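Dear colleague,

Please find below the structure I was asked to pass on to you. A summary of the findings follows it.

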Amino acid sequence: MTLNIISSHSILYTGEVDSATFPGVKGRFTVLKNHAPIISVLTGGKIECRLTDGSDKEIDIKGGLVDVADNKLNVCVY
């Protein structure tokens with residue numbers, strides 16, 4: 001899956017991931033390959049990613065929005 005995380009100031013991450021866990025307003029949720037399309041509001045917390053090489057990446061956010069469709073995860077954060 002391709003993950004793109006952007007803020008109004010910069011691109012925070014762009015690359016391939018095996019999974020991504022987001023701090024949703026109604027609780028944390030994980031997106032895996034071939035996930036159903038979803039749009040969700042995010043609250044403050046960490047986006048946790050499992051990269052395709054097996055390593056992990058965490059990005060702190062204050063909030064935002066995620067759009068998942070066709071194995072593309074587009075995230076706008078602040």
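The structure, which is a predicted model, holds 1 aromatic pair. Its partners are Phe 22 and Phe 29, whose ring centres lie 5.6 Å apart. Their planes meet at 35°, and the pair is therefore classed as tilted, since tilted covers angles that are neither under 30 degrees nor over 60. Phe 22 is buried, at a relative accessible area of 0%. Phe 29 has 17% relative accessibility and also counts as buried, because the limit for that class is under 20%.

Phe 22 also appears in the largest nonpolar core, which comprises 20 residues. Phe 22, Leu 3, Ile 5, Ile 47, Leu 73 and Val 75 are the members that touch the most others in this core. At least two core residues come from each of the strands S1 (2-6), S2 (11-24), S3 (27-32), S5 (45-51), S6 (56-61), S7 (64-69) and S8 (72-77). The largest share, 4 residues, is supplied by S2.

Leu 73 deserves a separate entry. Setting aside residues up to four places away in sequence, Leu 73 touches Met 1, Thr 2, Leu 3, Asn 4, Ala 20, Phe 22, Val 31, Asp 67 and Val 68.

Finally, a serine may be of interest. Ser 19 is located in strand S2 and is buried, with a relative accessible area of 16%. Apart from neighbours within four places in sequence, Ser 19 contacts Met 1, Thr 30, Val 31, Leu 32, Glu 48, Cys 49 and Arg 50.

With kind regards

Definitions and conventions
Residues are numbered from 1 along each chain as its sequence is written. This is a predicted model: local features need pLDDT of at least 70, side-chain atom pairs count only at pLDDT 80 or more; totals for chains, interfaces and linings use all residues. Side-chain values use heavy atoms; hydrogens and water are left out. A nonpolar core is a set of buried Ala, Val, Leu, Ile, Met, Phe, Trp, Tyr and Cys residues joined through side-chain atoms within 4.5 Å. Buried means under 20% relative accessible area, exposed over 50%, partly exposed in between (1.4 Å probe, protein chains only). Contact means heavy atoms within 4.5 Å. Rings of Phe, Tyr and Trp (its six-membered ring) pair if their centres lie within 6.5 Å; planes under 30 degrees apart count as stacked, over 60 as edge-to-face and the rest as tilted.
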